[in-house]
Amino acid sequence: MLRIAVQSKGRLNEDTMALLGEADIKISSSKRTLLVCSKNFPLEILYLRDDDIPQTVADGVADVGIVGRNELVETGAEADVVRPLGFGACRLSLAIPKEEEYVGLEWFNGKKIATSYPRILKHFLDEHAISADIHVITGSVEVSTGIGLADAIFDIVSSGSTLVSNNLREVEVVMESEAVLIGNPLMSGYKREILDELLFRIEAVKSAEGKKYVLMNAPKDKVEQILAVLPGIKSPTVMPLADDTWCSIHTVLDEERFWEIIGQLKENGAQGILIVPIEKMII
Ligand code: PRT
Ligand code: ZN
């Protein structure tokens with residue numbers, strides 16, 4: 001049995017549970033105790049606060065965990081990053097009152113900076129030989145300057161709207177973060193095998209993200225032009241139809257380029273274009 005530590009509630013919980021669900025790992029949602037066993041995969045789910053996940057994995061109390069890279073780095077816990085997961089994207093930034101004139105990093109010399117990430121901030125300031133007073137607070141960092149608690153803040157930014165509504169301006173991005181799958185470096189061979197199976201499933205889910213399966217009928221004399229506009233994973237599949245002047249073309253398309261490509265397919269005479277969602281893709 002492999003034990004995974006996940007955030008019990010909060011920003012990463014929903015995407016984490018959705019990822020496990022898409023990997024067909026069934027977890028009873030009614031029984032929200034601290035530790036829940038999957039019904040169809042050798043996985044135990046340990047629900048924790050995100051702050052506790054890195055150390056729990058480093059100590060081997062959980063074998064793997066899903067947490068923001070920012071938390072992993074801040075705790076300094078000795079856990080390996082097994083795989084970035086592509087959700088929970090944010091950055092750790094320095095922000096100052098918007099009316100202040102920013103002259104560069106020296107602005108922070110002698111200033112008081114409020115943050116919940118003192119370790120990452122100290123490392124950054126030391127690296128740039130800036131001497132500032134780090135004031136640690138655990139919540140609502142963004143109000144610190146408004147109430148006179150600090151001159152600047154160092155906090156998580158995602159859309160930036162929290163900074164704007166607190167009259168702050170982002171001046172330095174110190175670290176980019178996203179949710180990562182972390183693992184205990186000393187995991188047994190048996191647990192590693194389960195982790196490999198979990199990774200295989202995550203890979204299949206992630207490969208299918210943003211992709212559509214597209215089928216269309218095409219006049220045979222236009223197949224070459226149509227194939228030229230299809231990026232496809234490998235070469236698209238071309239199959240004969242009962243009417244031998246037509247054929248059927250199947251391929252996989254990126255959602256992002258989708259409408260642009262469909263337009264070109266139609267111009268080249270493709271008809272009956274079907275777009276089908278892809279659940280998993282094993283490359
Ligand atoms: O209860 P627990 O301790 O488990 O949760 P928590 O309250 O400590 O963390 P939570 O759930 O808020 O965040 C978990 C993780 O999500 C973080 O460690 C980040 O890796 C990631 N993440 C992604 C974010 C954000 N985006 C985010 N926008 N974490 C926090 N925020 C906050 C930020 O602190 C700020 O107050 O949102 C505000 C900024 O958002 P914008 O969009 O206005 O810029
Ligand atoms: Zn937390």
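## Exercises around ligand 1

Ligand 1 occupies the largest pocket (an open set of points on a 1 Å grid over the protein atoms alone, with protein on both sides within 12 Å along at least five of seven lines). This is a predicted model, in which local features need pLDDT of at least 70, side-chain atom pairs count only at pLDDT 80 or more, and totals for chains, interfaces and linings use all residues. Residues are numbered from 1 along each chain as its sequence is written, and side-chain values use heavy atoms, without hydrogens and water.

**Exercise 1.** Find which residues come nearest to ligand 1.

Solution. Start with the 24 residues around ligand 1 (each with a heavy atom within 4 Å of it). Nearest are Arg 49, Asn 70, Ser 159, Gly 160 and Thr 162. Then sort the shell by type: six residues are nonpolar, ten polar and eight charged, with Asp, Glu, Lys and Arg counted as charged and Gly among the polar ones.

**Exercise 2.** Look for polar contacts (pairs of N or O atoms within 3.5 Å) of ligand 1.

Solution. Take Ser 159: a polar atom of its side chain is 2.6 Å from a ligand 1 oxygen. Next, Gly 160 brings a polar backbone atom to 2.7 Å from an oxygen of ligand 1. Finally, a backbone N or O atom of Arg 11 is 2.8 Å from a ligand 1 oxygen. As for cover, ligand 1 on its own has 840 Å² of accessible area, and the protein covers 79% of that (Shrake-Rupley method, 1.4 Å probe).

**Exercise 3.** Work out why ligand 1 lies between two domains.

Solution. First list the domains, whose bounds come from an automatic or database assignment: domain 1 (2-88 + 178-207), domain 2 (90-177) and domain 3 (210-277). Domain 1 and domain 2 both give residues to the shell, so ligand 1 lies between them.

Methods. Chains are lettered from A and ligands numbered from 1 in the order in which they are written. A polar contact is a pair of N or O atoms within 3.5 Å; within protein, one must be able to donate a hydrogen and the other to accept it, and residues adjacent in sequence count only if both atoms are side-chain atoms. On a 1 Å grid over the protein atoms alone, a cavity is a set of points where a 1.4 Å probe fits but cannot get out, and a pocket is an open set with protein on both sides within 12 Å along at least five of seven lines; lining residues have an atom within 4 Å of a point. A molecule sits in a cavity or pocket if more than half of its atoms lie within 2 Å of its grid points.
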